[in-house]
Amino acid sequence: MAKRRVAVDSDDEDPQSSQASKRARTQDSEVQQLEEFTSQTPEKKPKVNGKTKDEGNSSDEGEIDIRDANEEGEEFEKRFEEENGDAIRRRLEARSQVVGGIADHGIIECIEMANFMCHPRLRFTFGPQINFIIGHNGSGKSAVLSAITIALGGKTISTGRGSGLKSFIREGQNKAEVTITLKNQGEEAYRPKDYGKSIVITRTFTRQGSSSWSIKSKDGKKISDKRDELAAICDHMNIQVDNPLNVLTQDAARQFLSASHPSDKYKARSSPHTEEYDLCLAHVNQTRKILHQKKQALPELRAAFKEATVRFEEASKAREQRHKADELKKELAWAHVAAKQHEMEAKFQEVAKAQQRLPRIQEKVDGAEAQFKAASDEVERLEREFADLGNIDHLNQKAKELQDNMRVNKNSLNQFKNDERDMSASLTGLNKAIQEYDIKIVEETRRMETHTLARREELNRRLEEAKQAVAAAEQAHGKVCDEKRAKLTATDDCKQKGMAAQNQMKQAQERIQECNTMISRCKDREDNVLAPYGKDMKNILEQIKQMRWHGDTPIGPLGLHVRLKDQTWAPLLRSQLGTLMSAFACTDPRDRPQLKRLFDQTRNHHINIIISERDEFDYSSGEPPANVLTVLRALEISDPYVLRILINQSNIERTILGHNRKAGDDILLGLRSGVAWTADFMRVTRYSEGGGSSIKLNRIANADPRQMLFTATDNATELRDWQERLRVAETTYQSASAECKRLMEMYNMITQESRTLDQRERAALENLR
């Protein structure tokens, strides 16, 4: 039976409820199909009065046209079992004898990751059976498991590695892509005609929040991009990525192994299957009831079959009589054929006589056609001659047009003659005017030659005065421009000094705020040593001592048992271990809800709860040489249980400390692999197979409560230190504020002088123009 397709609409859906709903819908579909099969026959339903049993079951009268379908269905099943039973049993026996066989479908052949977590591009090709992926901590082993879960539609929270798709994108990249190839062969392959022997599933997601699937065949042809299609493939191949029995993450494994009793482990993992088996049993009982009801209806159907058989025999006899009547009608038709044949022979004789007269009639017709053709040719010749002669009206019209053209041409000729007379008169007048102007030009030339020398001397004198005025105006304009440039330089210098003073004032103000915050916290810590770890922590510890627990009394905050030896590493370890310092640990998972309620009631939602049994294991084999400084060697931890928790949570026994990125990398090169935290807030990694990476670590804000962790001095000394810093910051702020005010007044004065120079420059430029 084909699998039902189930679409998952949200990542927040419960995986167990999702799988239960799939099974419930599939089993409901099976029951419905069984009801439909048992309520009808393999071919047709019996008809009563031309209707099916379902349509007309209120009446038992009428004609029944077909056989009992139930008996025929039983005969078909018996015949099918006799023909194919032995072959099916042989196939099942052969399949049951195969031990450790390789599945034909649902096997991951390979996976490819691009910009996923710490991998820029990585491809794994898996074997058909068990595969092992080994590597150091942080080398990306769990990334492969997370990539499989993400690509097959699992929820990001089930990976235990992030709360959203954005957290899986490699640092500095905008999108990531995961491609999985699933084996799709054998008898139970999913749509083999479309996908072929492999199904390629690609999921792409970006930092903007978009996500898409691309489902292709083996040859690269895109079949679908719908999530419903992916759900149908996973359902068909029984792939449940959110089921811990299929994909077991580190967090789920740790929680599973920390269960106190084997019966609890069995109950945690077997309860979903127990519910599934109970649901299947309920459907089997319902199916048996339906079969029992259908068997009770068999006697009534057999009686209807007998009655239908009798009526069928009567109908068969009626059809035989109807067939005989049809034969007699055919014989009657052949009796009319002889009479029609005699009439046809008489008509043939008349046709023969007409054919004898046909040649004489044909000769007369040919002669008449020849005469008609000759007459037609003569008429056509005469019509052409008449057409060539034309019409008298046409000739009159043509004569009229010629007369009109002659009249127009005569008028034009008269107009041209008048224009010629006017032009002759105008030409005479122009010649006379030219002679008069020539005389005037000669007189004017003689007069101008007398006054040219004196006028030229006057113009030269005026030109020299104008050049001197331009030079003076240019000098004045240049002087104003130089003064303006000097003022602009002074303005820029004053502006830069003012901005520097403002930055200094802003920094001093931030230091004042930081000092006030830390002074307030020091005063709070003076009254309450537990203030850095949360609200009302003293009351919480008192309640923990008074409450009853299934395991050992929870221990915490863990920071009470940890002290830093060298303050050089304090800022780095506050950032990396600060959250663990406020955490609590318990040995029994059943104590976690009770402890969580206590933290929620006091609004300490940031406190983590770690479940870990007391196991003082030997961790020395994982430590580097004694001359290498690790996080564990930089700390002094008074409780062995807390020590093992920090090792399990943060690998402090093998994490190297370096003063800067290069120093940390040099240490790791000597060790050939490992992880280092550096004082300049870098996480450096070196892999055993070669290569490495470095990631920038986040710094904590000045107002963060974790700033109060790993302090070397007592509270009073630290309070005095912060008060002294506050006094220095206030002095710096006051001096920076006074300097900023002085520079602002100077800037305003220079700006006013620049405006005056602008006016002088415009006046000088206008004078120059």
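Gln-601 is exposed, with a relative accessible area of 63%. Exposed means over 50% relative accessible area, buried under 20%, and partly exposed in between (1.4 Å probe, protein chains only). Gln-601 sits in helix α12. Helices here are DSSP runs of H or I with at least four residues, strands are runs of E with at least two, and both are numbered from the N terminus. Between the C-alpha atoms of Gln-601 and Ile-540 the separation is 10.0 Å, with the two positions 61 residues apart along the chain.

This is a predicted model, in which local features need pLDDT of at least 70 and side-chain atom pairs count only at pLDDT 80 or more, while totals for chains, interfaces and linings use all residues. Residues are numbered from 1 along each chain as its sequence is written, and side-chain values use heavy atoms, with hydrogens and water left out.

**Backbone**

Two residues other than glycine with positive phi are tabulated here.

| Residue | Phi | Loop | Relative accessible area |
|---|---|---|---|
| Met-117 | about 55° | between β3 (105–116) and β4 (119–125) | 23%, partly exposed |
| Arg-603 | near 60° | between α12 (592–601) and β11 (609–611) | 63%, exposed |

A cis peptide bond runs from Gly-556 to Pro-557, with omega near -10°. Pro-557 belongs to the loop between α10 (537–546) and β9 (562–564).

**Helix α11**

Helix α11 covers residues 570–581 and spans only 13 Å between its end C-alpha atoms. A straight helix of 12 residues would span 16 Å at 1.5 Å a residue. That expected span is 1.5 Å times one less than the number of residues. How is α11 placed relative to the rest of the structure? The helix is largely enclosed by it, because 9 of its 12 residues are buried. Among the buried residues are Leu-572, Leu-573, Leu-577 and Leu-580. Arg-574 and Ser-575 are buried too.

**Cavities**

A search of the whole structure finds 2 cavities of 30 Å³ or more. A cavity is a set of points, on a 1 Å grid over the protein atoms alone, where a 1.4 Å probe fits but cannot get out; lining residues have an atom within 4 Å of a point. Grid points are joined across faces, edges and corners, and a volume is the space filled by probe spheres set on the points.

The second largest cavity holds about 30 Å³ of space. Its lining includes His-136, Asn-137, Gly-138 and Ser-139, and also Thr-685, Arg-686 and Tyr-687. Which strands each supply at least two residues of this lining? They are β14 (674–678) and β15 (682–686). Domain 1 (105–259) and domain 2 (528–713) each give at least three residues to the lining. The domain bounds come from an automatic or database domain assignment. By class, the lining has 2 nonpolar, 6 polar and 1 charged residues. Ala, Val, Leu, Ile, Met, Phe, Trp, Tyr, Cys and Pro count as nonpolar, Asp, Glu, Lys and Arg as charged, and the others, Gly among them, as polar.

**Cysteines**

How many disulfides does the structure hold? The count is 0, with a disulfide taken as a pair of cysteine sulfur atoms within 2.5 Å. Cys-118 is partly exposed, at 32% relative accessible area. Cys-234 is buried, at 6%.

Methods: On a 1 Å grid over the protein atoms alone, a cavity is a set of points where a 1.4 Å probe fits but cannot get out, and a pocket is an open set with protein on both sides within 12 Å along at least five of seven lines; lining residues have an atom within 4 Å of a point.
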